[in-house]
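Visitor: I am new to this structure, so please take me through one part of it in detail, namely the enclosed spaces inside.

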Amino acid sequence: MLNIAEEFKCFVENYPNYRETWAIDDLRSREFSRLDESGEIYLNYEKAAPYGLSQMRCFTRSLARTVMSPLNYSASENFQKKIEHCKRRFLRFFGADPEEYALLFTATMSKAMHMISSNYDFSGQSRLLLAIDNHRAMDSLVRHAQLQQAAVNYIPVNPQTLALEEKTLLQLLSSPAPSKGNRLLVFPAQSCLSGVRHPLAVIGAAQQLGWQVLLDASSYAPTAPLNLSRYHPEFLTVAFHKMLYLPTCLYALIIKRDVLTALRQHHSEAQTEGKQNAGQTAPIFGEAKNHGPRLISETLDLSNVQSLELGLDLLQDITYPAIDERTQSLTRWLTRKLQNLRHKNRQPAVTLYGPLQDGIPHGPVIALNFKDAQGKIIAADLLLPLFKAAKIGLSQGDCSDPGLCSLATGIDPTATEDERQVWRISLGMCSNFPDVFKFWEVCRQIAGKFN
């Protein structure tokens with residue numbers, strides 16, 4: 001039986017900067033004590049982060065005080081002011097100048113991408129450049145670009161490190177500018193599968209070469225600092241529910257105001273000229289009275305606004321460098337333990353998908369599969385009871401999607417469902433050493449059970 005006290009002592013000696021993150025332990029005991037009280041090991045921050053106790057209490061108190069019903073508050077002037085105050089706070093949180101950027105809320109990433117794709121001008125000799133490990137929602141951009149005869153290219157990644165091939169990226173960005181048309185780079189700050197963090201310096205380099213940039217920070221922003229006063233992408237997507245959840249999933253789409261104006265103009269011209277494809281329902285841009293841009297399809301209620309405000313209050317209690325340092329230390333410790341896990345015949349018990357070198361910037365995400373002593377992937381239904389008994393919550397993903405998933409794993413998309421299975425561990429703001437240690441204990445049990 002492993003001794004957690006001895007392991008933690010060695011861990012802190014190897015990762016001394018972890019000592020600078022003790023404030024997060026205080027926050028966890030104050031806001032997320034139910035995790036320890038229930039014995040739950042939460043390793044699924046890539047799906048959603050838990051909400052804080054003060055969020056829940058303030059949220060329910062606020063609802064108890066309001067006199068607005070769901071049928072009338074959304075149209076009220078007071079409610080619109082609350083929305084815009086919330087938007088301004090959200091922009092300031094990311095260092096975005098409200099004079100430069102506007103913020104729109106959407107329920108899903110797909111809706112955010114559809115809003116852009118169905119109103120972006122891909123006509124003429126336009127080009128769309130995407131990283132191979134973009135979110136699936138980016139497929140709508142590809143479809144709309146292809147419908148308008150735009151050229152679509154993908155940036156390859158190194159099969160071993162899963163980092164972008166920077167030489168090829170530079171060549172693609174440096175290609176001669178078209179005589180007419182736009183160029184859009186879709187760039188993930190962090191891969192949601194491999195956890196690789198791509199260099200944000202690409203944003204400025206691409207813009208200097210005449211590209212507009214759509215930065216997807218939905219996986220990056222929950223654990224790493226992002227300041228739009230330093231980086232100025234034309235579009236930015238953020239998933240607030242991966243930062244703090246309550247009571248619903250919300251995505252924020254942040255757009256430069258001059259680009260938003262161009263999208264509106266293109267939408268209006270396309271409607272006038274009858275260029276909208278049959279069956280498409282492109283969002284209609286509106287203007288909330290005295291409160292800035294919005295979408296007609298933008299639906300917010302009191303619970304959304306209150307949860308965002310309270311979440312921002314809670315996040316101000318800690319610093320992002322501390323979150324980043326903590327999750328990085330825990331991820332590196334766990335990765336090294338998993339790399340060295342062996343069966344009795346010395347065969348690896350775990351296959352990790354993604355970068356294993358410390359030199360590759362990497363977020364707190366680990367994709368892996370468990371293998372038996374003969375090197376065969378262990379079916380999920382054999383592992384789920386072990387995780388359930390240990391109260392471990394992690395994510396399962398079907399690796400049938402072409403692109404990065406099959407490149408990272410080498411798994412044939414036509415293989416059986418069990419063979420396509422990939423497990424994903426993701427850490428977040430209130431993760432601690434006991435979380436990863438207890439998961440590591442279960443991994444050792446799996447190695448012993450499937451010898």
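Guide: Among contacts (heavy atoms within 4.5 Å) in the protein chain between residues at least 6 apart in sequence, 73% join residues at least 24 apart. This is a predicted model, in which local features need pLDDT of at least 70 and side-chain atom pairs pLDDT 80 or more, while totals for chains, interfaces and linings use all residues. Residues are numbered from 1 along each chain as its sequence is written, and side-chain values use heavy atoms, without hydrogens and water.

Turning to the enclosed spaces, the structure holds three cavities of 30 Å³ or more, a cavity being a set of points on a 1 Å grid where a 1.4 Å probe fits but cannot get out, with lining residues having an atom within 4 Å of a point.

The largest cavity has a volume (the space filled by probe spheres set on the points) of about 80 Å³, and the residues that line the largest cavity include Y45, E46, Q190, K242, P364 and V365. By class, this lining has five nonpolar, five polar and two charged residues.

The second largest cavity holds about 60 Å³ of space, and of the 11 residues that line it, the closest to its centre are Y353, P355, H362, V365 and I366. Two elements, β11 (350-353) and β12 (365-370), each give two or more residues to this lining, and β12 gives the most, with three residues. By class, the lining of the second largest cavity has seven nonpolar, four polar and no charged residues. V365 is named both in the lining of the largest cavity and among the residues closest to the centre of the second largest cavity.

Here strands are DSSP runs of E with at least two residues, numbered from the N terminus, and Ala, Val, Leu, Ile, Met, Phe, Trp, Tyr, Cys and Pro count as nonpolar, Asp, Glu, Lys and Arg as charged, and the others as polar.

Technical notes:
1 Å grid on protein atoms, 1.4 Å probe; cavity = no way out; pocket = protein on both sides within 12 Å on 5 of 7 lines; lining within 4 Å. Helix = DSSP H or I, 4+ residues; strand = E, 2+ residues; numbered from the N terminus.
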